[in-house]
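Visitor: I'd like to look at the empty spaces in this model and hear how each one earns its label. Could we take them one by one?

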Amino acid sequence: MSLVISVEKTQNPKEKPDPSSLGFGQVFTDHMFVMDYTEGKGWHDPKIVPYGPMEFEPSTMIFHYGQAIFEGLKAYKTKEGKVLLFRPQKNMERINISNERLCIPEIDTDFALEALKALIKLEKDWIPEAEGTSLYIRPFIIATDPFLGVRPSLTYKFIIILSPVGAYYKEGINPVKIYVESDYVRAVRGGIGYAKTPGNYACSLKSQVEANKKGYTQVLWLDGVEKKYVEEVGTMNVFFNIDNEVITPSLEGSILAGVTRDSTIELLKSWGVKVTERKITIEELYDAHAKGTLIEAFGTGTAAVISPIGELSWNDNVIKINDGKIGSLSSKIYETLTGIQYGKVEDKFGWTVEV
Ligand SMILES: *Cc1c(COP(=O)(O)O)cnc(C)c1O
């Protein structure tokens with residue numbers, strides 16, 4: 001695509017936040033990327049403009065039928081001041097996988113990555129430098145026709161916003177308590193579970209709220225039909241170390257194919273660890289725990305990278321995993337992945353991309 005990105009710089013640059021008090025997703029940088037789609041014309045008018053409110057008619061389709069997709073990745077500043085992205089092509093490819101499912105027109109992934117790099121270059125000073133901090137990147141696409149009929153929109157906006165975020169683990173990695181959901185379901189095969197789309201999150205909120213009330217941090221979803229097979233945790237894929245074989249649910253259409261999941265599998269294989277992608281029942285996990293072979297369990301996702309699971313509660317049956325402590329594989333994966341992301345560990349896989 002030979003589109004030229006126009007740049008309009010802000011007249012009122014904001015003050016950068018105090019790096020020690022950064023949370024997640026509350027502060028946004030000075031600029032954003034916006035590109036329009038019109039049926040017959042394709043994607044057009046890519047531009048970088050000041051970050052700020054956007055105006056939409058109340059009839060805009062996204063507000064009514066939820067036709068939208070999103071992504072999440074990070075930019076990291078190395079000690080030498082380089083800016084690195086972690087496998088961003090994967091996220092761009094996943095945009096098109098989600099688009100296809102939601103009837104949103106395909107984007108040019110190379111151009112989208114160029115646009116992302118141009119935006120980050122402009123906002124370089126917003127990337128925090130303190131240990132563990134980063135710049136969270138949120139690309140998303142929304143349906144913009146002002147129309148109440150049910151059909152795919154004929155117009156869209158592709159937007160990228162940036163948010164400096166704090167270290168996920170400030171006081172060391174703490175294993176989380178997980179509630180295994182056996183009433184509500186998140187996704188079924190044939191549905192939209194494998195797409196990164198707001199509907200999956202709207203669907204999961206009620207269970208999340210109820211689990212929080214019971215003292216659990218996150219929900220582990222079971223398959224939507226038999227409520228038997230393990231799927232994923234909230235915003236993370238899951239892995240279980242049973243008898244030194246690492247098992248993760250196979251991608252059957254209802255699970256998101258996480259970039260961190262894929263990277264974890266690659267890393268483990270490179271260390272000679274046996275990794276298996278297959279269906280696994282919650283019962284098998286409980287049986288393994290009873291036999292003493294469930295060595296560790298952890299979630300993987302861009303936000304936390306690795307989140308060890310210290311406790312599971314399924315139908316009032318509570319089990320503790322690895323004494324509620326972080327396992328040795330979990331910490332090795334965490335150290336290696338974050339090491340690569342911050343340019344401290346040699347990137348043998350060619351995963352990082354310099355901006
Ligand atoms: C984004 C997401 C993940 C994690 O994917 P990463 O690419 O590793 O960040 C896992 N599950 C769901 C439902 C997600 O939306």
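Visitor: Which domains does the lining of the second largest pocket draw on?

Guide: At least three of its residues come from domain 1 (6–165), and at least three from domain 2 (176–341). Those domain bounds are taken from an automatic or database domain assignment. Before going further: this is a predicted model, in which local features need pLDDT of at least 70 and side-chain atom pairs count only at pLDDT 80 or more, while totals for chains, interfaces and linings use all residues. Residues are numbered from 1 along each chain as its sequence is written, and side-chain values use heavy atoms, leaving out hydrogens and water.

Visitor: What makes a space a pocket, and what makes it a cavity?

Guide: Rolling a probe the size of a water molecule over the atoms shows where empty space is left. On a 1 Å grid over the protein atoms alone, points where a 1.4 Å probe fits but cannot get out form a cavity; a pocket is an open set with protein on both sides within 12 Å along at least five of seven lines. A lining residue has an atom within 4 Å of a point. Points are joined across faces, edges and corners, and the volume is the space filled by probe spheres set on them. By that reckoning, the second largest pocket holds about 560 Å³.

Visitor: Which residues lie nearest the centre of the second largest pocket, and which element gives the largest share of its lining?

Guide: Among its 27 lining residues, Glu131, Gly132, Thr133, Tyr342 and Lys344 lie nearest the centre. Two elements, β5 (73–77) and α7 (328–341), give two or more residues, and α7 has the largest share with five. Elements here are DSSP runs numbered from the N terminus: helices are H or I with at least four residues, strands E with at least two.

Visitor: How do you know that the largest pocket lies between the domains?

Guide: Domain 1 and domain 2 both contribute to its lining, so the pocket sits between them. Its volume is about 690 Å³, and of its 36 lining residues, Thr235, Met236, Thr302, Ala303 and Ala304 are closest to the centre. At least two lining residues come from each of β7 (134–143), α4 (198–213), α5 (259–270) and β15 (294–301).

Visitor: Why is the contact of Tyr201 with the ligand called a polar contact?

Guide: A polar contact is a pair of N or O atoms within 3.5 Å. A polar side-chain atom of Tyr201 is 2.4 Å from a ligand oxygen, so the pair meets that limit. A side-chain N or O atom of Glu232 lies 2.5 Å from a ligand nitrogen, and one of Thr260 lies 2.6 Å from a ligand oxygen. The ligand alone exposes 390 Å², and the protein buries 96% of that, with areas from the Shrake-Rupley method and a 1.4 Å probe.

Visitor: How many cavities of 30 Å³ or more does the structure hold?

Guide: There are two. The largest has about 90 Å³ of space, and Thr260 and Thr302 are among its lining residues. β5 and α5 each give two or more residues to that lining, with β5 giving the most, three.

Visitor: What makes a residue of the second largest cavity's lining nonpolar, polar or charged?

Guide: Ala, Val, Leu, Ile, Met, Phe, Trp, Tyr, Cys and Pro count as nonpolar, Asp, Glu, Lys and Arg as charged, and the others, Gly among them, as polar. The lining consists of Arg186, Asn200, Tyr201, Ser204, Trp221 and Gly234. It therefore divides into two nonpolar, three polar and one charged. α4 supplies the largest share, three residues, around a volume of about 30 Å³.

Definitions and conventions
A polar contact is a pair of N or O atoms within 3.5 Å; within protein, one must be able to donate a hydrogen and the other to accept it, and residues adjacent in sequence count only if both atoms are side-chain atoms.
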